[in-house]
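Here is a short round of questions for a newcomer. Each answer sets a value against its rule and then draws the conclusion.

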Amino acid sequence: MSTTLLKHVSHLATFDGEARDAGTEISDGFVLIRDKVIAACGPMSECPEGADRVLDMSDHVVMPGMVNTHHHFYQNLTRVMVQDDELFVWLKTLYPIWARLDDRAMETASRMAMAELIMSGCTTSSDHQYIMPNDCTLDTPIRVAQEMGMRFHAARGAMSRGESKGGLPPDSCVEDEDAILKDAERLITTYHDMSDHAMTRIVLAPCSAFSVTQGLMKDAAALARSYEGVRLHSHIAEVLSEEEYCLETYGMRSVAYAESCDWLGPDVWFAHAIFLNDAEIKAFAETGTGATFCPSAHMRCGLGIMRAREMLDAGVTVGLGVDGSASNDTSNMFSEVRFAQFLQRVAPDRYLSETPGGRGGFGGTPTALSARESLWMATRGGAKLLGRDDIGQIAIGKSADIIAVKRTRLGMAGTQRDPLAALVMCGPFDVDYSFINGVPVVEKGAFTRLDIDAALRDHADTMDRIYA
């Protein structure tokens with residue numbers, strides 16, 4: 001067994017409690033990693049002597065690695081496109097371009113997305129690959145994750161309802177439903193690992209109400225539940241035109257439609273969930289259905305503001321996601337944590353024209369979401385959405401997914417009062433160290449398992465090839 005000791009940690013945030021905060025926080029702490037798990041942690045007065053490797057963290061903030069619960073890796077090949085159109089126009093413009101991608105392009109995009117995520121503090125990610133053109137398979141991003149050492153929940157997405165059948169995507173972008181289910185079962189039996197500290201798990205993830213049939217939603221739910229720990233994921237209530245589509249096509253709002261497909265429950269989490277009303281938030285809470293807040297994409301695409309504060313207060317599990325790199329346009333977890341806090345604070349709390357003096361505009365509140373609550377969503381919240389209790393915290397027996405950010409750097413000056421909140425409010429920052437499953441994947445701000453210059457050249461070459 002190999003051991004690594006992180007000693008004299010300037011500020012150690014464990015996120016080990018049940019409340020929506022950082023849990024135990026320690027000044028001058030330590031973490032002992034034994035192989036892939038956390039063997040001990042606490043104040044330096046309790047630190048064991050000796051380890052195979054000892055790192056001095058006296059200038060660092062250390063916390064659990066973050067969990068990204070919604071992404072579309074392939075979209076970093078279509079960044080900064082369709083900058084000013086609403087979502088359905090955005091999708092219809094990009095569908096034909098995505099239809100030209102091949103498996104080699106998916107590999108390149110996956111590597112770039114994972115690199116960005118890791119460098120921004122993410123140690124576990126889900127990816128929702130819902131378009132499978134040409135020779136694309138989900139095996140490729142799984143292999144890339146294994147090479148890079150990233151903990152990965154691969155979501156087998158799908159689109160099956162093309163324009164000719166009343167759906168939004170062109171028929172060239174959809175798959176046969178029997179083939180989708182057959183491939184999903186192949187992926188589960190090949191890769192899905194329910195052991196503690198597992199590096200790969202499979203998620204079933206039909207794309208949306210406007211791109212798959214009700215039959216596929218029901219069949220995917222039944223298939224997932226026939227295997228242990230296979231969770232369900234999709235988009236919901238992302239844009240008002242989706243609500244209009246559900247009312248016109250199915251005669252019900254999107255949450256009621258999800259319920260009709262057996263898609264509410266503790267094994268289900270949805271991305272966005274912006275337009276949920278009070279009754280629908282209550283339904284999520286009562287059924288254990290979770291939600292991913294994607295603040296950057298919500299702002300970039302002008303979608304709206306998820307009611308994350310109300311959802312948390314109602315008992316809904318909320319995690320964070322960067323969303324696709326064509327709707328964000330980045331893959332930075334620290335950015336999402338920061339914008340999650342700030343966007344909730346400007347969520348309309350009251351219309352100010354009704355106040356004395358007739359002032360216009362909307363008013364928010366600075367108490368809507370704290371920095372620690374935002375980090376909790378990125379750690380414990382995300383872990384719970386993925387059905388995991390072995391990640392998202394620094395505690396004995398948990399997976400050794402740990403990040404460290406150096407305090408003596410530009411942007412952190414003057415943050416001695418609260419260096420943990422500074423990671424949110426003063427950033428975003430890159431990590432200086434990242435351990436995933438006990439393996440150092442970033443050291444002193446550099447990748448240990450990736451030639452980033454070669455990856456960037458490959459990405460540029462792929463762009464030239466796809467857009468030739």
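Q: How are helices and strands picked out here, say for the loop that holds Asn134?
A: Helices (H or I, at least four residues) and strands (E, at least two) are DSSP runs, numbered from the N terminus. With those labels, Asn134 sits in the loop between S7 and H3. A word on the source: this is a predicted model, where local features need pLDDT of at least 70, side-chain atom pairs count only at pLDDT 80 or more, and totals for chains, interfaces and linings use all residues. Residues are numbered from 1 along each chain as its sequence is written, and side-chain values use heavy atoms, with hydrogens and water left out.

Q: What makes Asn134 count as buried or exposed?
A: Buried means under 20% relative accessible area, exposed over 50%, and partly exposed in between (1.4 Å probe, protein chains only). Asn134 has 58%, so it is exposed. Its phi is near 55°, a positive value in a residue other than glycine.

Q: And how do you know whether Ala273 is buried or exposed?
A: Ala273 has 1% relative accessibility, so it counts as buried. Ala273 also has a positive phi, about 50°, although it is not a glycine. You'll find Ala273 in the loop between strand S11 (268-272) and helix H8 (278-287).

Q: Why is the pair of Tyr250 and Tyr257 called stacked?
A: Rings of Phe, Tyr and Trp (its six-membered ring) pair if their centres lie within 6.5 Å; planes under 30 degrees apart count as stacked, over 60 as edge-to-face and the rest as tilted. The structure holds 12 aromatic pairs. In this one the centres are 4.0 Å apart and the planes are at 15°, so Tyr250 and Tyr257 are stacked. Tyr250 is buried at 16%, and Tyr257 is buried at 3%.

Q: How do you know how many disulfides there are?
A: A disulfide is a pair of cysteine sulfur atoms within 2.5 Å, and by this rule the count comes to zero. Take Cys294: the nearest cysteine sulfur, that of Cys301, is 10 Å away, and Cys294 is in no disulfide. Cys294 is at 0% relative accessibility, so it counts as buried. Cys426 has 35%, so that cysteine is partly exposed.

Q: What makes a set of residues a nonpolar core, and which residues touch the most other members of the largest one?
A: A nonpolar core is a set of buried Ala, Val, Leu, Ile, Met, Phe, Trp, Tyr and Cys residues joined through side-chain atoms within 4.5 Å. The largest has 125 residues, and Leu91, Trp98, Trp263, Phe284 and Met311 touch the most other members. Helix H2 (residues 103-119) gives the most to this core, with 10 residues. There is also a second, separate core of 16 residues, which includes Val31, Val62, Ile394 and Ala404.

Q: Why is His11 called buried, and what does it touch?
A: His11 has a relative accessible area of 11%, so it is buried. Contact means heavy atoms within 4.5 Å. Leaving aside neighbours within four places in sequence, the contacts of His11 include Glu25, His60, Val62 and Leu420. His11 belongs to strand S1 (residues 3-13).

Q: How does the span of H11 fit the expected value?
A: The expected span is 1.5 Å times one less than the number of residues. Helix H11 (residues 333-345) has 13 residues and reaches 19 Å from its first C-alpha to its last, close to the 18 Å expected.
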